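This report goes through one protein chain, from its overall build to a few local backbone features. Please look at the sequence and the structure before reading on.

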Amino acid sequence: MSCSQCVVGKQYLGSPQGKTETFGGVPCYVGTPTVAYDQKKALILLTDIFGVTFSNNKLLVDDFASKGYWTIAPDYLHGDPAPPYAWNNTEFNVVAWTANHTPEVTWPPIKQVIQALKDQGVTSFAVTGYCFGGLYAIELASEQLVDVLIVAHPSQTVVPTTYETLLQKGKAPFLFEMGNEDVEISVAQQEQIDDILGGGKYAPGYKRDCWPGCPHGFAVRGDMLNAEQFAGKSGSFINSIAWLELYF
């Protein structure tokens, strides 16, 4: 399920540097590196429920682009993200919103974008998914459509089933960024996932970080005035770049 923490956090000020482009008929927010980069590689960023127009998500795309990765965030929510009044509104009915954004609705845009990028010559994909986008990122890896997998505090995954499927089918090295105050996947469940994937069981590679004092959503909506959440957000991004440098 998607939880009340899916709408909670801090919004960041900044001036997004990317632009909107269309791939496979799907609008995407795109961050393009200002330095030379491998045009046969693309990093797909799957956002939380606030979608590609939310400043935090745009700035996160820009952050990856600034490190040399051509980063594409598809509007897989069909222009229907959680509305502005949902922001920090724990009374917002996340479950009802999710019911209108089922895989039957949200999967096609993601796969259309990937296919369009393949058609223009992209041969290698990494994916990073946050909150609502986390499950889709894991399933892309389970379907062997991506080469590198990075996920932060996903919603809607089923422990153990989602991760057992990845173990059986996935070939993408998996970096898992979590907080110890996540209400969607508890520390005990995180440790259960470690038992499934860790210790070399998931051959492509697996690493989980658990940031103290960090709730669900910290890697995209964390409070930068809170020392622990600042450490979690900045640290998870640093780890993501290190994972990409190692495997992508």
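The sections below cover the whole chain, one helix, and the unusual backbone positions of this predicted model.

## Overall build

The chain contains eight helices and eight strands. Its radius of gyration is 16 Å, which agrees with the value near 18 Å for a compact globule of 248 residues. Along the principal axes, the C-alpha atoms of the chain occupy a box of roughly 45 × 45 × 35 Å.

Of the contacts between residues at least 6 apart in sequence, 75% link residues at least 24 apart.

## Surface and charge

Of the 248 residues in the chain, 55% are buried. The chain exposes about 10,500 Å², and 52% of that area comes from carbon and sulfur atoms.

The chain carries 15 positive and 25 negative charges. The mean positions of these two sets lie 7 Å apart.

## Helix α1

Helix α1 spans residues 55-66, 12 residues in total. From the first C-alpha to the last it reaches 16 Å, close to the 16 Å expected at 1.5 Å a residue. Just after α1, G68 has a positive phi of about 100°.

The helix is mostly covered, with nine of its 12 residues buried. The buried residues are S55, N56, N57, L59, L60, V61, D62, F64 and A65. Their cover includes the strands β2 (26-31), β3 (41-46), β4 (71-74) and β5 (124-130). Also included are the helices α7 (218-221) and α8 (227-247).

## Unusual backbone positions

Most residues other than glycine have a negative phi, and most peptide bonds are trans. The positions described next depart from that pattern in phi at C131, in phi at H153, or in the peptide bond between V159 and P160.

C131 is not a glycine, yet its phi is positive, near 55°. This residue sits in the loop between β5 and α4 (132-142). C131 counts as buried because its relative accessibility is 1%, and the cut-off for buried is under 20%.

The loop between β6 and α5 holds H153, and the same loop, from β6 (148-152) to α5 (161-169), holds P160. H153, again not a glycine, has a positive phi of about 35°. With a relative accessible area of 0%, H153 is buried. The peptide bond joining V159 and P160 is cis, with omega about 15°.

Terms used
Residues numbered from 1 in each chain as written. Predicted model: local features only at pLDDT ≥ 70, side-chain atom pairs only at ≥ 80, totals over all residues. Heavy atoms only, no water. Helix = DSSP H or I, 4+ residues; strand = E, 2+ residues; numbered from the N terminus. Rg over C-alpha atoms; globule rule 2.2 N^0.38 Å. Buried < 20%, exposed > 50% of the residue type's maximum accessible area, 1.4 Å probe, protein only. Contact = heavy atoms within 4.5 Å. Areas by Shrake-Rupley, 256 points an atom, 1.4 Å probe, with all protein chains shown as cover. Lys, Arg positive; Asp, Glu negative; His and termini not counted. Charge placed at Lys NZ, Arg CZ, Asp CG, Glu CD. Expected span 1.5 Å × (residues − 1).
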